[in-house]
Amino acid sequence: YKRLHPEARLLIRTDFHEEQTDLCICGALPDAPAEKGSRLLLKEEFFLAVSSGSPLAAMQGARLSDAKDQDFITLCTDKSARQAGMRFCREAGFTPRIVCECSDPESAQRLIGAGLGAALWPVYSWGVPRHPDLALVPVSFPDCRRDIFLVRPPSGGDAALLGDFCRFLQNKSKG
């Protein structure tokens with residue numbers, strides 16, 4: 001968006017405070033009530049991220065319960081993804097054994113690639129892993145997806161700019 005509109009001034013925050021925020025992109029489980037003024041941007045799928053040496057890496061799809069004996073790695077900075085992952089594991093019949101909480105997806109990739117644990121990986125939010133020793137396995141059960149919403153508080157700033165930016169994000173999420 002900045003390449004198309006260099007005059008736009010954007011402040012990007014990872015924590016949401018309505019009185020200080022013009023726009024927020026946030027994740028929620030599919031049955032969670034939508035925030036007032038929110039629009040569904042996309043449905044984000046979680047994959048099982050494992051070391052390429054794991055027997056799970058060769059599977060075309062796995063039930064999440066296939067990973068119940070794995071150690072798990074999470075991001076401490078993405079509470080929504082962690083809550084979603086915990087719920088998906090409960091639906092699969094187990095509580096994940098969390099052995100590491102990272103502050104960024106890059107660190108998580110290295111740990112998973114080294115065989116230190118598995119993770120539920122939201123590709124849209126955390127990006128496609130680039131680590132050569134990491135594999136993403138589609139999860140066939142349970143349905144491991146969350147909704148990503150665009151929330152625009154009523155007190156938001158420049159209405160024309162925000163409307164244009166929202167349309168840009170919605171078009172990008174479809175492509």
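**Group meeting: a cavity, two cores and a buried glutamine**

Hi everyone, let's start inside the protein: the residues lining its largest cavity fall into 12 nonpolar, 2 polar and 2 charged. Please keep in mind that this is a predicted model.

How many cavities of 30 Å³ or more does a search of the whole structure find? The answer is 1. The space in this largest cavity comes to about 140 Å³. Its lining is made of 16 residues, and nearest the centre you'll find Thr74, Ala81, Arg82, Gly85 and Leu120. Three elements give two or more residues each to that lining: strand 4 (71-75), helix 1 (79-91) and strand 6 (119-122). Which of the elements has the largest share? That is helix 1, with 5 residues.

Now let me step back to the whole chain. There are 4 helices and 8 strands, and if you walk along the sequence, they come in the order β-β-β-β-α-β-α-β-α-β-β-α. The chain has 175 residues, and 39% of them are buried. Take the contacts between residues at least 6 apart in sequence: 79% of these join residues at least 24 apart.

On to the nonpolar cores. The largest one holds 31 residues, and the members touching the most others are Phe46, Leu48, Val50, Leu64, Phe88, Ile112 and Leu120. At least two residues of this core come from each of strand 2 (38-51), strand 4, helix 1, helix 2 (105-113), strand 6 and strand 7 (134-141). You may recognise Leu120, which also came up among the residues nearest the centre of the cavity. A second core, separate from this one, has 9 residues, including Ile148, Leu150, Phe165 and Cys166.

Let's pick Val50 and look around. Beyond its neighbours within four places in sequence, Val50 is in contact with Leu56, Ala57, Ile112, Ala118, Asp133, Leu134, Ala135 and Val137.

My last stop is Gln109, which sits in helix 2. Is Gln109 buried or exposed? Its relative accessibility is 3%, so Gln109 counts as buried, given that the cut-off is under 20%. And what does a polar atom of the Gln109 side chain lie 3.1 Å from? It is the backbone nitrogen of His131. His131 is also one of the residues that Gln109 touches, and with residues up to four places away in sequence left out, the others are Trp121, Pro129, Arg130 and Leu134. Leu134 is on the contact list of Val50 too.

That's my tour, thanks for listening!

How values were computed. Residues numbered from 1 in each chain as written. Predicted model: local features only at pLDDT ≥ 70, side-chain atom pairs only at ≥ 80, totals over all residues. Heavy atoms only, no water. 1 Å grid on protein atoms, 1.4 Å probe; cavity = no way out; pocket = protein on both sides within 12 Å on 5 of 7 lines; lining within 4 Å. Points joined across faces, edges and corners; volume = space filled by probe spheres on them. Nonpolar A, V, L, I, M, F, W, Y, C, P; charged D, E, K, R; others polar. Core = buried A, V, L, I, M, F, W, Y, C linked by side-chain atoms within 4.5 Å. Buried < 20%, exposed > 50% of the residue type's maximum accessible area, 1.4 Å probe, protein only. Contact = heavy atoms within 4.5 Å. Polar contact = N/O pair within 3.5 Å; in protein donor to acceptor, adjacent residues only side chain to side chain.
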